[in-house]
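I opened a new page for this structure. I wanted to know what holds its parts together.

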Amino acid sequence: MGFQFDLSFLIFEIGIAIKYIPVVLLLSVVPLIIGLLLGTGIALTRLFKVHPFDKIFTVFVIFLRGVPLVLQLTILYLAVSLSIDSFAKTLGLHLTSKDLSYTLIAVVGLSINATVYLSEVMRTALQSVAAGQYEAAYSVGMTSGQMLRRIIIPQALPVAIPLIGSNFIGLIKGSAIASLISVVEIINATLYEASGNYKFLEAYVAAAIIYWLLCILVERLVAFLEGRVGVYGKGGVV
């Protein structure tokens, strides 16, 4: 008997995958927010050359950009797992590596990765604003905070938003790597259901459809935001 694609099982698996969308959002939205906050701080530190942190952050960014996400997450997982027992014993805590939240480790790992790449996004966006804008702001007596809030950031947003959107999509797809450290997300959930009848193709296709739909929604959201902030690309001051 030849291969037969089971459409009904595919639909069933899509239903399973939908239930785990909140996990994917947790593993992508939280790192995105953390990455934006920390990444912007790193970008400003490097842009304004705050010594010695600018050099430290430069090395940090260069190093982690050269390490694949799967290795970053695996190293973090192993480092935490191997050290937690001795650390807890030293402090007299009743805690073992089995008590660890794998989801939390995945969120931390993805947040570190997001911070690195979003710091470069924000640095690129801030550098896209003409140097004369900085000089003009200082010449009228603005503080650095006022300059960033009223002049620089509004002009940098049109550059940053498409790049942030691309990184968000990367985080959504990268969240699948969390399955390597036993986080039950879309892929793990669908494969578990397929393990009883070996219909793994349907499981993978179902997961792919959900990831594709999520990425399409993000692209539409980014397009909407680009339209909203497009006026700032003309150099207007708010």
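My notes below cover a helix, a residue packed beside it, aromatic pairs and salt bridges.

**Entry: the model**

I note at the start that this is a predicted model.

**Entry: helix α9**

I began with helix α9, residues 200-229. How far apart are its end C-alpha atoms? I found 44 Å. At 1.5 Å a residue, the 30 residues should span 44 Å, so the two values agree.

Next I looked up which residues of α9 are buried. The list is Glu202, Ala203, Ala206, Ala207, Ile210, Tyr211, Leu214, Cys215, Val218, Val222 and Val229. What do these buried residues pack against? I found α1 (7-19), α2 (21-47), α7 and α8 (186-194).

I also checked Ile216, which lies in α9. Ile216 has 28% relative accessibility, so I entered it as partly exposed. I looked up its distance to Val129, 87 residues away along the chain. Their C-alpha atoms are separated by 30 Å.

**Entry: Ile172**

I moved to helix α7, residues 144-174, where Ile172 lies. Is Ile172 buried or exposed? Its relative accessible area is 1%, so Ile172 is buried.

I then listed its contacts, leaving aside neighbours within four places in sequence. They are Val24, Ser28, Tyr211, Leu214, Cys215 and Val218. Tyr211, Leu214, Cys215 and Val218 are among the buried residues of α9. I checked Val29 too, 143 residues from Ile172 along the chain. The C-alpha atoms of Ile172 and Val29 are separated by 8.3 Å.

**Entry: aromatic pairs**

I found four aromatic pairs in the structure. I wrote up two. The rings of Phe48 and Tyr134 have centres 6.4 Å apart. Their planes are at 70°, so this pair is edge-to-face. Phe48 sits in the loop between α2 and α3 (53-65), and Tyr134 in helix α6 (residues 131-139). The pair links distant parts of the chain, 86 residues apart. Phe48 is partly exposed at 32% relative accessibility, whereas Tyr134 is buried at 12%.

My second pair is Tyr198 and Phe200. Their ring centres are 6.1 Å apart. The planes are at 70°, so I entered this pair as edge-to-face. Tyr198 is exposed at 65% relative accessibility. Phe200 is partly exposed at 30%.

**Entry: salt bridges**

How many salt bridges does the structure hold? I found four.

I took Lys199 and Asp6, whose closest N and O atoms are 2.3 Å apart. Lys199 is in the loop between α8 and α9, and Asp6 in the segment before α1. They are 193 residues apart, so this bridge links distant parts of the chain. Lys199 is partly exposed at 26% relative accessibility, and Asp6 is buried at 18%.

Then I turned to Glu120 and Arg46, which meet in a salt bridge at 2.7 Å, N to O. Glu120 lies in helix α5 (residues 102-127) and Arg46 in helix α2, so the pair ties together parts 74 residues apart in sequence. Both Glu120 and Arg46 are buried.

Glu120 also meets Arg123 in a salt bridge, 3.2 Å from N to O. Glu120 and Arg123 both lie in α5, three residues apart, about one turn of the helix. Why do such residues point the same way? An α-helix has 3.6 residues a turn, so residues three or four places apart do this. Glu120 has 14% relative accessibility and counts as buried. Arg123 has 21% and counts as partly exposed. My last note is that salt bridges with shared partners join Arg46, Arg65, Glu120 and Arg123 into one network.

How values were computed:
Residues numbered from 1 in each chain as written. Predicted model: local features only at pLDDT ≥ 70, side-chain atom pairs only at ≥ 80, totals over all residues. Heavy atoms only, no water. Helix = DSSP H or I, 4+ residues; strand = E, 2+ residues; numbered from the N terminus. Buried < 20%, exposed > 50% of the residue type's maximum accessible area, 1.4 Å probe, protein only. Contact = heavy atoms within 4.5 Å. Expected span 1.5 Å × (residues − 1). Phe/Tyr/Trp six-rings, centres within 6.5 Å; stacked < 30°, edge-to-face > 60°. Salt bridge = Lys/Arg side-chain N within 4 Å of Asp/Glu carboxyl O.
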